[in-house]
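These are my notebook entries on charged side chains that pair with one another. I looked up where such pairs lie and how exposed their members are.

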Amino acid sequence: MTIKVFGHKAPDTDSTGSPIAWAWYLNDVKGTPAKPCLLGEPNTEAAFVIEHWGLDKPEIISDVEEGEDVVVVDTNNPAELPSGINAANVIQIIDHHKLTGGIETKGPIDITMRPLACTATILYDLMGDDVAKAPRGIKGAMLSCILSDTLEFRSPTTTDHDRAVCDALASDLGIDMHELAEKMFEAKSDVSAFTDAELLRMDSKEYPVDGTSFRVSVLETTAPKMVLDRKASLMSSMEEVAKEDGVDQVLLFVIDILKEEATLLVPNDLVKGVAEKSFDTTVEGDTVVLPGVMSRKKQIIPSLKV
C-alpha cells in the first residue's frame with residue numbers, strides 16, 4: 001500500500017514542500033512506496049515554489065480511507081486534518097507545533113516533534129547524510145519551506161539551527177537565498193485574485209479560547225496595503241465565514257514582513273476585547289497595529305484571551 005504524506009488544510013509552503021520531500025525520502029531512500037498529497041489548493045507562495053523548483057503538484061485529497069497508511073507532517077491537530085484521520089492508519093507524525101491531542105492510532109507510531117521553526121528543518125535532520133542524494137528540487141523545496149516559516153529569519157520562531165540548515169542548503173544549491181525569499185514573498189503578497197472568504201481561510205487555523213472558538217487567520221505580505229484596502233469587505237465577510245466554518249469569530253492578522261508588525265482587523269466589540277486583553281493595547285477604530293508580532297504559533301495563539 002502506498003503511504004499518503006500530507007500536512008494541514010489550507011496548505012502553505014511547509015505543508016506543501018515537506019510532504020513532497022518526505023515522500024521522496026520514503027520512496028527513493030527507504031524503498032517504501034509513498035506519495036505526497038495536499039488537503040486543498042496551495043497558497044500563492046507554495047504554488048510559486050512548486051513551479052520554481054520544477055516539482056509536480058501533489059494530488060489534492062479531501063479525505064482518507066479507513067485503514068489507509070498515512071504520514072502527517074506540519075500538524076498534529078485533528079481539526080486541520082481529514083475527517084477520517086482517526087480511522088486511517090497513522091504511522092508517523094513529524095511536526096514543530098505544540099501537541100494538540102485527539103489523533104487516535106492503531107498502535108504505537110513514530111513521532112518526531114521538535115521546537116524548530118519549520119518541519120523541513122526536522123526532515124533535513126532525519127534524512128542525515130541522505131540529503132546529499134536528494135534532487136535539486138527537493139533541496140530547494142526544503143530551503144523554501146524554512147525561508148517561508150521563518151519569514152527569512154524575521155520570525156521569533158527562528159532558531160540558529162534553522163539558519164544553519166538554510167545556509168547549508170543554499171550553499172549546496174549555489175543560490176542567493178535572499179533573492180529566493182524576495183520572490184517567494186512577492187508571490188505570497190499577490191492576493192488580488194482571491195475572494196474575501198478565500199483570504200480569510202487561506203492561512204488559518206481553528207483554536208478554542210476560554211470557551212470561544214476562533215478561526216485565526218494570518219496573511220504574511222510585503223504589501224499590506226493590498227489587503228488593508230479591502231478591510232471593510234473582509235470584515236463584512238467574517239460573519240458568514242464564521243457561520244459556515246462553525247466558529248464564533250474570525251481573527252485576521254495582516255503581517256507586514258518588512259516592518260515586522262501585525263495589523264489586526266477589529267470588526268466588533270468581541271475582537272476589540274480580545275485585542276486589548278491579549279496584547280495589552282488600546283483599540284481605537286477598526287484596526288490595531290501590534291509591533292513585533294510576527295508569529296501565530298509563538299506570539300498570537302499563546303496570548304489570546306477573551
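I began with the accessibility of Lys57, working from a predicted model. Lys57 counts as partly exposed, at 43% relative accessibility. I then looked up Glu41, which counts as exposed at 52% relative accessibility, because the cut-off for exposed is over 50%.

I next examined how the two side chains meet. Lys57 and Glu41 form a salt bridge, with N to O at 2.7 Å. Lys57 lies in the loop between α2 (44–52) and β3 (59–60), and Glu41 in the loop between β2 (34–38) and α2, so the pair ties together parts that are 16 residues apart in sequence.

I turned to a second pair. The side chains of Arg114 and Asp125 meet in a salt bridge of 3.7 Å, N to O. Arg114 is located in the loop between β6 (110–113) and α3 (119–127), while Asp125 belongs to helix α3, so this salt bridge links parts that are 11 residues apart in sequence. Arg114 is partly exposed, at 34% relative accessible area, and Asp125 is also partly exposed, at 27%.

I then asked: is Glu152 buried or exposed? Glu152 is buried, since its relative accessible area is 14% and buried means under 20%. Its salt-bridge partner is Arg154, with the closest N and O atoms 3.3 Å apart. Arg154 is partly exposed, with a relative accessible area of 22%.

I also noted a network: Arg201, Glu206, Arg215, Glu244 and Asp245 are joined by salt bridges that share partners. Finally, I recorded the total for the whole structure, which is 18 salt bridges.

How values were computed
Residues are numbered from 1 along each chain as its sequence is written. This is a predicted model: local features need pLDDT of at least 70, side-chain atom pairs count only at pLDDT 80 or more; totals for chains, interfaces and linings use all residues. Side-chain values use heavy atoms; hydrogens and water are left out. A salt bridge is a side-chain nitrogen of Lys or Arg within 4 Å of a carboxyl oxygen of Asp or Glu. Helices (H or I, at least four residues) and strands (E, at least two) are DSSP runs, numbered from the N terminus. Buried means under 20% relative accessible area, exposed over 50%, partly exposed in between (1.4 Å probe, protein chains only).
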